[in-house]
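Student: I would like to take a close look at one part of this protein, the aromatic residues inside it. Could you walk me through that part slowly?

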Amino acid sequence: MAAACTFRYRQASVSDRVSEFESNTLPPPLRAMPGRRLFLARLLGVGAGALAGPAWARSRFVFAVVPYLPARRLVSLYAPLVPLFERVLGKPVEISSAPDYGQHLQRLRAGDYDIVADSLIIARIAEREHGYIPVARTKSPLEPLLVVPVGATIQNLAGLAGGTIAVTDRTAALSVIGLHHLRERGLVLGRDFRVLVSGSHANSLHRLLAGEASAAIVSRTTLKQVDAALAQRVRVLDPLSTGLSAVVYHIAPRLAHYAAPLERALIEFANQQAEGRAFVEALGHEALLPVRAEEMKALDPLVIEFYRQTGERD
């Protein structure tokens, strides 16, 4: 029965989503479900994604990585996790990365992903609105940085007035945090600066060095993951506000029975095995930790800020 039915996410306005998070109401997918499916979802303790059929019909599981770097680079960085997932799940696993954050979120909402290495905000949206289950997070926090070329004359935030800031995507967690930080410091998007969406952290650095932007918002871990020659050509102008973790790993609700073994396997691999230690070192993630419910709930103000910024375009 479950394999024959699919669920299409109900569209909602920005104000609707802000209100839903502020009022802590039932997530939209569960509210919109017909009675029988809502009963089943509550009985199983899962969201709408658990009852979606397409992913079950595939012969392999999909491990998606949020597209913060070019796909080729992400596949190279996260490939060491594939054998671990295949061992725990007993099925082939392929790595996938969407062309941009918008399509990443759309595919997640459509139930196309089984395991996700995700940004903070999207991980919380996936949990609250779609029943995805967080299984691990990086020990290293998300540390957005405002960087400029090494030889730039800009010495402080005031020097950005009238300039352009390159960001990966307006929906990326570090962009949301960074733009909020700048607003708190008195720099208003559209009045004091404009935003250039580059598509990836690496692209932001390239656009910055090409003179198309005055500064770029990237993460500290990104500077470790891109080519060293590229990272050495920029300097930090201002460290921005930090977030809980650089990456949160979560799984589709249809894989709920794998949550505990996946958590154990990920944490053991990253923290106790030589290959896993090399994996987290290459990413600059330090280690992997369990995810506590209160940690995810504490991200709600950031999600509200995300939905509010969604309606802002310079």
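To start with, does Phe63 count as buried or exposed?

Tutor: Happy to! Keep in mind as we go that this is a predicted model. Phe63 has a relative accessibility of 0%, and the cut-off for buried is under 20%, so Phe63 counts as buried.

Let's see what surrounds this residue. Phe63 belongs to the largest nonpolar core, a set of 95 residues. Phe63 is also among the residues with the most contacts inside that core, together with Tyr78, Phe85, Leu146 and Tyr249. The element that gives the most to the core is helix 13, residues 259–272, which supplies seven residues. As a general background, nonpolar side chains in soluble globular proteins tend to be buried together.

Now for the rings. The structure holds five aromatic pairs. Phe63 and Tyr78 make one of them: their ring centres lie 6.3 Å apart and their planes meet at 70°, and an angle over 60 degrees counts as edge-to-face, so that is the name for this pair. Where do the two partners come from? Phe63 sits in strand 1 (residues 61–65) and Tyr78 in helix 5 (residues 71–78), so the pair ties together parts that are 15 residues apart in sequence. Tyr78 has a relative accessible area of 0%, so Tyr78 is buried.

A second pair to look at is Phe269 with Phe279. Here the ring centres are 6.0 Å apart and the planes are at 45°, so this pair is tilted. Phe269 lies in helix 13 and Phe279 in helix 14 (residues 274–283), and the pair links distant parts of the chain, ten residues apart. Phe269 is buried, with a relative accessible area of 4%, and Phe279 is buried too, at 3%.

You can now put the two pairs into one picture: Phe63, Tyr78, Phe85, Phe269 and Phe279 form one aromatic cluster. Strand 1 and helix 5 therefore meet helices 13 and 14 in this cluster, through the residues we placed in each of them.

Another residue with many contacts in the core is Leu146. Setting aside neighbours within four places in sequence, Leu146 touches a list of residues that includes Leu157, Leu160, Ile165, Leu182 and Ala215. Further along the chain, the contacts of Leu146 include Val236, Leu237 and Leu240, and charged partners such as Arg235 and Asp238 are on the list as well.

For contrast, turn to Lys139, which is found in the loop between strand 4 (133–138) and strand 5 (144–149). At 46% relative accessibility, Lys139 counts as partly exposed. Leaving out its neighbours within four places, Lys139 is in contact with His285, Glu286, Ala287 and Leu289. The C-alpha atoms of Lys139 and Leu244 are 8.5 Å apart in space, although these residues are 105 apart in sequence.

Stepping back, the protein has 16 helices and eleven strands, and 54% of its 314 residues count as buried. Among contacts between residues at least 6 apart in sequence, 78% join residues at least 24 apart.

One last word on confidence. The average pLDDT of the protein is 84, and 80% of the residues score at least 70. Over residues 1–11, however, the pLDDT is below 50, and over residues 25–53 it is below 50 as well. Where pLDDT is low, the predicted coordinates should not be read in detail.

Definitions and conventions
Residues are numbered from 1 along each chain as its sequence is written. Side-chain values use heavy atoms; hydrogens and water are left out. Helices (H or I, at least four residues) and strands (E, at least two) are DSSP runs, numbered from the N terminus. Buried means under 20% relative accessible area, exposed over 50%, partly exposed in between (1.4 Å probe, protein chains only). Contact means heavy atoms within 4.5 Å. A nonpolar core is a set of buried Ala, Val, Leu, Ile, Met, Phe, Trp, Tyr and Cys residues joined through side-chain atoms within 4.5 Å. Rings of Phe, Tyr and Trp (its six-membered ring) pair if their centres lie within 6.5 Å; planes under 30 degrees apart count as stacked, over 60 as edge-to-face and the rest as tilted. pLDDT is the predictor's confidence in each residue, from 0 to 100.
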